[in-house]
Amino acid sequence: MQRTLSVINLSAIRNNALRIKKLSKSSKFYAVVKADAYGHGAEEVSRFIEDIVDGFCVAIIEEGIALRVAGITKKILVFTPPLDCYDVLRARAYNLTVTVNSVETAELTSGLPCHIKINTGMNRHGCNMEELPELLKTVKNAEGVYSHLFAPENDRASEAQFRLFGEAVKLVKRTNPDAVAHISASGGILRGGKFLSEAVRCGILLYGYAPKGFSSEGFTPALKVYARRTQATRFIGGGVGYNFADRKYTYLSSYRCGYADGFERGVPLGEKTLCMDAFISKDGGGLKCVLDDAESYAKKCKTISYEILTRATMRSEKIYER
């Protein structure tokens, strides 16, 4: 096996899901499995927790289709609004719930189950408040209304967004009384209280990590990535990969994992920088664990655990522990 090995503990994800459900109290719980479940394998993860959750969220139509093909039957909300008639046809064929963010998307998706997205400050996708009354003339069958906290760790920003969202929810429920309101992802769930609304959408907590400003205590990371040793060689001087050696070694081992596998070239997994498909280490052994804590590795890379998780398994063989 020349690919890296990603060992994914499905039991840890399930236990995380049960904890999230408890924190969410009576709110509906949508599991966010976009980007291949943050690198953990969307189909396997979804099948393993489908009995716990009320539905799933994905980023794009193709991800929703993949879940349907894998046998997932619960509701699937697609975050990205449809871009054309082809998106609408596929959403209809696979019974996906679409996001409506404008009069144009409302007209395009007429007859499809939908959630209305409100822009309360994220400024990514969403209908602005002044546009909402016109949109509601078209949408009469919205199953949900939602928004997204752009800085859930910040009290002032979150409160302002929640107030604006509350105004939007009142308008939507006048014509769509059964629409389920949700504004919280992982950060909002950890804030708790009124931010739980009628439903929550949970991503990063499901995989054992917390967003900025929150603690992941009580949640278990589910992923470890291993690389295989491809050679052990006596050091003859010169370089360590594409670098001049700055000291003498006795032996060096090469491992089949590089920056093309989603790791940062300039952040050592062994000695010096990574090559595209390998790194070099002074430590021997047939298998080497190269990732067991995405948070600490993310700090070295000056990024966040989300990015590390979605990158680190993209050229790997996934092995599931149940």
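Helix H9 gives the most to the lining of the largest pocket, with 3 residues, and I would like to start there before moving outward to the salt bridges and then to two of the helices. Please keep in mind throughout that what we are looking at is a predicted model.

The largest pocket holds about 780 Å³ of space. It is lined by 34 residues, and those closest to its centre are Met122, His148, Leu149, Ala185 and Tyr306. Besides H9, which covers residues 186–191, the elements that give two or more residues to this lining are helix H2 (34–38), helix H10 (294–301) and helix H11 (305–312). If we sort the lining of the largest pocket by class, we find 16 nonpolar, 10 polar and 8 charged residues.

Let me turn to the charged pairs. How many salt bridges does a search of the whole structure find? The count is 20, and I will go through a few of them.

In one of them the side chains of Lys137 and Glu134 meet, with 3.2 Å from N to O. Lys137 is exposed, at a relative accessible area of 58%, whereas Glu134 counts as partly exposed, at 42%.

Another salt bridge is the one between Lys173 and Glu198, whose closest N and O atoms are 3.3 Å apart. This pair links distant parts of the chain, since Lys173 sits in helix H8 (residues 155–175) and Glu198 in the loop between H9 and strand E9 (199–202), with the two partners 25 residues apart. Both ends are partly exposed, Lys173 with a relative accessible area of 24% and Glu198 with 36%.

A further pair brings us back to H11, one of the helices that contribute to the pocket lining. Here Glu264 forms a salt bridge with Arg311, and the closest N and O atoms are 3.5 Å apart. Once again distant parts of the chain are linked, with Glu264 in the loop between strand E11 (251–255) and strand E12 (279–281), Arg311 in helix H11, and their positions 47 residues apart in the sequence. Is Arg311 buried or exposed? Arg311 is buried, because its relative accessible area is 17% and the cut-off for buried is under 20%; Glu264, at 31%, counts as partly exposed.

There is also a network to point out, in which Arg256, Asp261, Asp277 and Arg315 are joined by salt bridges that share partners.

I will finish with two helices, beginning with helix H1, residues 10–24. At 1.5 Å a residue, its 15 residues should span 21 Å, and the end C-alpha atoms are indeed 21 Å apart, so the two values agree. Within H1, the residues Leu10, Ala12, Ile13, Asn16, Ala17, Ile20 and Ser24 are buried. These buried residues cover an arc of only 150° around the axis, which means that they lie on the same side of H1.

Helix H5, residues 85–93, can be read in a similar manner. Which residues of H5 are buried? They are Asp87, Val88, Arg90 and Ala91, and because they cover an arc of only 165° around the axis, they fall on the same side of H5. The face of H5 turned away from that buried side carries the exposed residues Cys85, Tyr86, Leu89 and Ala93.

Notes: Residues numbered from 1 in each chain as written. Predicted model: local features only at pLDDT ≥ 70, side-chain atom pairs only at ≥ 80, totals over all residues. Heavy atoms only, no water. 1 Å grid on protein atoms, 1.4 Å probe; cavity = no way out; pocket = protein on both sides within 12 Å on 5 of 7 lines; lining within 4 Å. Points joined across faces, edges and corners; volume = space filled by probe spheres on them. Helix = DSSP H or I, 4+ residues; strand = E, 2+ residues; numbered from the N terminus. Nonpolar A, V, L, I, M, F, W, Y, C, P; charged D, E, K, R; others polar. Salt bridge = Lys/Arg side-chain N within 4 Å of Asp/Glu carboxyl O. Buried < 20%, exposed > 50% of the residue type's maximum accessible area, 1.4 Å probe, protein only. Expected span 1.5 Å × (residues − 1). Arc of directions from axis to C-beta.
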